[in-house]
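Trainee: Before I rely on the words used for a fold, I would like to see how each one is justified. Could we go through them together?

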Amino acid sequence: MIHTTAILGQEWNIQILELLWPAAQPYMTPDLLSAAITEILRSTGYSQLRTAPNLSRVVQFFLDKGANGLLSEASMMYATCCSSLSVGLFRQLAHANKNRLRKDDWTLLLLRAQDRWVLESSMDRLEILLDMGADPSAGLSYLFDPGWHRRLEKVLELARLLLKHGADPNEKDGKGFEVIQRFAVLCPGGRVPRNDVSLQALADLLSSNGVQIPEPSQEVCKHTQTFD
């Protein structure tokens, strides 16, 4: 049944699942029903999950039949990055796994979701991950990558969210860097160019949260340096 649902899940044929259910019901425990959700998420992969219009209906089907929603960290990663999964269902799965996954797991999911968030709107998912225990300070440090300089308006919005959830902008990350050090590489000489409105807004936000920002420069920002 689980293997079959994985195949059917890719086809998103909810009617066939309904037809199979009476025969399968006597054998399906909450764990097996959740395993079906895991198998569907795992077998479809990131690319298909982004464009699976009936994914929420399939996941809801198994939850309605008694799935406990317990997923592996890898399966939660798929769910986190899947724009086709409704926010309500994602919240339900996250709460089911709140005490099962570690803080580091939730933080890793947050960082992966931030990658996707820069390209797509998933603010609600990020809030859910923060509520589950993801480290907002790690998320804040991860934001300041020169590769995202063309989406600074989104980075600014996300920085506000992380600070609201208690991110410490003066905390060093796992490589020993502070946010100001990562922020500085976006600017020539470590100073915010006066002509860069988005960077100035980001600098003002950090400054209002206790980060000492150097005085603005007259240079044009190039965003070239990266952290290894």
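The dialogue below takes the terms one at a time.

Mentor: Please keep in mind that this is a predicted model, in which local features need pLDDT of at least 70 and side-chain atom pairs count only at pLDDT 80 or more, while totals for chains, interfaces and linings use all residues. Residues are numbered from 1 along each chain as its sequence is written, and side-chain values use heavy atoms, with hydrogens and water left out.

Trainee: How many helices and strands are there in the protein chain?

Mentor: The protein chain has twelve helices and zero strands, where helices (H or I, at least four residues) and strands (E, at least two) are DSSP runs numbered from the N terminus.

Trainee: What makes Ser34 count as buried?

Mentor: Buried means under 20% relative accessible area, exposed over 50%, and partly exposed in between, with a 1.4 Å probe and protein chains only. Ser34 has 1% relative accessibility and therefore counts as buried. This residue lies in helix H3 (residues 30–49), and, leaving aside neighbours within four places in sequence, Ser34 is in contact (heavy atoms within 4.5 Å) with Ala67, Asn68, Gly69, Leu70 and Leu71. Of the 228 residues of the protein chain, 48% count as buried.

Trainee: Why is the meeting of Asp105 and Arg102 called a salt bridge?

Mentor: The term requires a side-chain nitrogen of Lys or Arg within 4 Å of a carboxyl oxygen of Asp or Glu. The side chains of Asp105 and Arg102 meet at 3.3 Å, N to O, so the pair satisfies that limit. Asp105 is buried, with a relative accessible area of 12%, whereas Arg102 is exposed at 53%.

Trainee: How do you know that Glu127 and Lys164 form a salt bridge, and what does the pair tie together?

Mentor: Their side chains meet at 3.6 Å, N to O, so the pair falls inside the cut-off as well. Glu127 lies in helix H8 (residues 123–132) and Lys164 in helix H10, so the pair ties together parts that are 37 residues apart in sequence. Glu127 is partly exposed, with a relative accessible area of 24%, while Lys164 is exposed at 60%. The structure holds two salt bridges.

Trainee: What makes a group of residues a nonpolar core?

Mentor: A nonpolar core is a set of buried Ala, Val, Leu, Ile, Met, Phe, Trp, Tyr and Cys residues joined through side-chain atoms within 4.5 Å. The largest one here has 63 residues, and among those touching the most other members are Phe62, Met76 and Trp106. Helix H10 (residues 152–164) gives the largest share of this core, eight residues. Not counting residues up to four places away in sequence, Trp106 touches several residues, including Met76, Leu101 and Met132.

Trainee: How do you know that the buried residues of helix H2 lie on the same side?

Mentor: The buried residues of H2 (residues 14–24) are Ile14, Leu17, Trp21 and Ala24. They cover an arc of only 80° around the axis, which puts them on the same side of H2; the arc is that of the directions from the helix axis to the C-beta atoms. On the other side of H2, Gln15, Leu19, Pro22 and Ala23 are exposed.

Trainee: Why are the buried residues of H12 said to line one face?

Mentor: In helix H12 (residues 197–207), the buried residues are Leu199, Leu202, Ala203, Leu205 and Leu206. Seen down the axis, they fall within an arc of 160°, so they line one face of the helix. What covers them includes H10 and helix H11 (179–184).
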